[in-house]
Amino acid sequence: MLKRSLSAMSSLLHLHRLKLAALLLAANLALLLHLAAGDLKPMAEWVWLDILGEGGSALLALAWLLLILKSRPAGRVSSLLALGLGCVFFSWWVDALDEFIRLPDSIAWDSWLESAPMPIGLLLMTVGLYHWHHEQLAISAQLEKRERLFREHRLFDKLTPLGAAEYLRRQLQLSLQHAGQAQPLSLVAVDLDNFSALNQRFGHAEGDAVLQAISQQLLLNLRCQDLLCRLAGDRFVVLLPNTGETLARQLAGELQQAVAHLAHKTRQHGERLHLRATVAVVMAVNEDPQTLLQRLNLALARAKQPLALSA
Amino acid sequence: MASKPAWYERDSRFIAAHQQPACLIDLCLSRGIDSHRLLRGTGLFHADILAGTTLISPEQFLLLIDNAQRLLDADDSSFLFGQRLLPGHHGAASQALALAGNLQQALELLGELRALLAPLFSPRLLLDEHYAYVYWLDSCGAGAQQRFLLEASMTAVVALARQLCGERLPWQFHFSHGQPRYVEQYWVHLGEDLHFNSPYNLLRLPRHYLTRALPQAALTTAVVACQQAREQLLASGPRASLLDCLQRWLLRHVREAPSLERAAEAFAMSPATLKRKLSKHATSYQQQHDQVRLQVALYLYQVKGYSNDQVASHLHFHDATNFRRSFKRWTGVPPSALRRWLTGEV
């Protein structure tokens with residue numbers, strides 16, 4: 001899945017080939033027009049500050065445009081942003097050409113060429129950004145139960161579409177500051193049983209697929225204010241805001257059942273896997289995230305091996 | 001052809017690229033990493049590895065690990081790599097490991113076949129009355145990859161034991177480094193009984209787990225597989241690294257406090273050559289010597305229950321004060337603090 005999305009990323013620029021070609025053509029035409037109508041300035045007349053300011057601005061606009069095209073699939077918002085930035089780039093480009101080529105005073109079209117695209121571009125970008133805002137709200141809604149309070153892409157898990165341990169720790173830090181007697185906070189750990197045996201028998205690629213399936217299955221069974229993260233390996237942690245221990249236990253039981261009821265089929269032979277999970281619950285009591293997670297971990301170890309650890 | 005060397009070094013090419021290195025490459029490929037970027041600087045091509053005849057040196061393997069670690073950019077890389085290592089896909093050696101009669105046989109075999117199964121970090125098994133200990137020796141100068149290799153090696157042994165015994169065993173873990181930021185990876189892939197800032201890196205298991213008969217043991221097949229594995233080892237080259245051989249030699253002569261010159265003579269080279277070879281492995285004679293003396297001191301404290309004076313005189317220190325000072329240099333703590341630590345008071 002990840003592989004596919006990565007190759008999709010690198011091919012995103014291909015989707016916008018036409019837009020880029022049109023922009024290059026326009027920039028070239030402007031250059032040719034200037035060359036045809038005017039004369040090159042000798043180097044002594046170059047004003048370096050202006051060249052740096054206008055040329056640099058044009059280059060930056062081009063860099064923004066490429067970054068936007070490289071990171072977005074084609075669509076209305078992408079087109080608006082690209083067109084807007086394209087106009088801004090064009091305007092600064094013509095501005096920079098003035099520094100090298102002197103046009104006779106009789107020519108008036110150059111100021112049009114320089115000034116007209118700028119307001120149009122800014123207007124298009126404004127409309128684009130407005131729609132982008134709505135698009136972002138829609139995407140955030142899709143990230144429900146996987147993201148709360150803040151976003152940090154460097155803390156995304158590399159395998160499942162969830163936050164990783166560090167994201168969970170920061171979320172806990174924030175939530176624990178708000179949580180008190182009135183607003184209890186609970187954590188549920190969900191750990192697959194015999195996951196290493198599954199990896200051995202069906203291969204690690206199948207194990208990865210199971211983790212991805214489980215993360216979706218768990219998401220489906222959560223309330224919209226909950227947050228699911230992958231702690232490490234086959235261990236997931238759910239952060240339950242405003243939830244006491246009794247309710248957390250009930251939710252943990254539901255998650256355990258959800259895992260048992262997932263009818264995952266292997267990719268090679270379509271064989272049904274019977275999955276089971278062990279769950280553990282802790283409620284936060286005036287402690288830092290690390291201690292809380294440690295307590296959760298020990299609770300899980302006890303749930304896994306009730307005899308070995310009580311001895 | 002010249003006579004076979006008695007040990008391998010950092011730049012000896014003897015590791016089959018399609019075995020352990022391939023585990024790491026597959027892990028990276030499954031995460032969408034480009035094979036060219038992964039192999040950059042190693043002088044290897046993916047097609048060569050697929051041919052199944054390429055041998056690489058520890059140096060190249062370490063470079064591969066460095067690249068993989070950087071490109072994977074995830075806290076669980078070493079653990080996922082470790083899970084894939086043992087019994088692995090080394091033909092007879094892996095088969096012998098998987099068919100071992102009990103865990104002790106498996107661990108002893110792992111030590112014997114370390115050039116095949118653990119070429120960069122070699123395991124040692126030590127037994128006392130109650131416990132089995134497995135600790136590691138950096139056999140090729142891992143440098144910055146030491147932590148990665150340690151995590152991978154420990155995970156490999158724990159995963160192997162779990163596979164052989166069919167259950168999670170109550171291992172205790174000691175690490176000389178401090179608790180890492182990503183300690184949850186240790187919880188999930190290793191276990192709960194973790195101790196950081198220890199004087200050594202080791203695994204401990206109650207001894208009775210070692211002698212329990214394993215369900216999948218196949219005596220006759222295992223004997224044959226062992227034999228074939230030994231032939232495989234012989235064919236692949238030396239069975240231990242230079243550092244490994246030096247440490248074993250130092251261990252035998254530890255009571256005589258041998259000098260660099262004596263060691264060089266025993267290894268049939270000039271002191272300057274030995275010095276140069278050791279610095280190639282990012283270590284020095286003094287470091288190796290201290291490491292062995294620390295191992296012996298810890299062994300005497302823990303297993304034999306010696307006092308400070310007894311350990312000092314066993315290692316031929318002039319007096320106990322001198323020994324205490326050296327010990328503090330090796331571990332950062334005086335022997336008294338260590339004794340409290342060993343008896344579990346801290």
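Reader: Is N197(B) buried or exposed, and where does this residue lie?

Author: In this predicted model, N197(B) is exposed, because its relative accessible area is 56% and the cut-off for exposure is over 50%. The residue sits in the loop between β6 (194-195) and β7 (202-206) of chain B. Its phi is positive, near 55 degrees, although the residue is not a glycine.

Reader: Which value of phi does D73(B) have, and where is D73(B) found?

Author: D73(B), likewise a residue other than glycine, has a positive phi of about 45 degrees. The loop between α4 (58-72) and α5 of chain B holds this residue. D73(B) is exposed, with a relative accessible area of 52%.

Reader: What is the peptide bond from L86(B) to P87(B), and where is P87(B) placed?

Author: That bond is cis, with omega near -5 degrees. P87(B) belongs to the loop between α5 (77-85) and α6 (92-98) of chain B.

Reader: How should one read the faces of a helix, and which residues of α15(B) are buried?

Author: The general idea comes from the geometry of the turn. An α-helix has 3.6 residues a turn, so residues three or four places apart point the same way. In helix α15 (residues 271-280) of chain B, the buried residues are L274(B), K277(B) and L278(B). Viewed down the axis of α15(B), these buried residues fall within an arc of 100 degrees, so they line one face of the helix. The face turned away from the buried side carries the exposed residues A272(B), K275(B), R276(B) and S279(B).

Reader: What covers the buried residues of α15(B), and what follows this helix?

Author: The cover includes α13, α14 (260-266) and α16 of chain B. After α15(B) comes A282(B), whose phi is positive, near 55 degrees.

Reader: How is a pair of packed helices described, and at what angle do α13(B) and α16(B) cross?

Author: Two packed helices are described by the angle between their axes and by the distance between those axes. In chain B, the axes of helix α13 (residues 242-252) and helix α16 (residues 285-304) come within 10 Å and cross at roughly 55 degrees. That angle makes α13(B) oblique to α16(B). The crossing is right-handed.

Reader: Which residues of α13(B) and α16(B) meet?

Author: From α13(B), the residues are L243(B), L246(B), Q247(B), W249(B), L250(B) and L251(B); they meet Y285(B), Q288(B), H289(B), Q291(B), V292(B), Q295(B) and V296(B) of α16(B). The residues of this contact divide into 8 nonpolar, 5 polar and no charged.

Terms used. Residues numbered from 1 in each chain as written. Chains lettered and ligands numbered in written order. Predicted model: local features only at pLDDT ≥ 70, side-chain atom pairs only at ≥ 80, totals over all residues. Heavy atoms only, no water. Axes fitted to C-alpha atoms, helices over the stretch in contact; angles between N-to-C directions. Helix = DSSP H or I, 4+ residues; strand = E, 2+ residues; numbered from the N terminus. Parallel < 35°, antiparallel > 145°, perpendicular 65-115°, else oblique. Left-handed = near helix turned anticlockwise from the far one by under 90°. Contact = heavy atoms within 4.5 Å. Nonpolar A, V, L, I, M, F, W, Y, C, P; charged D, E, K, R; others polar. Buried < 20%, exposed > 50% of the residue type's maximum accessible area, 1.4 Å probe, protein only. Arc of directions from axis to C-beta.
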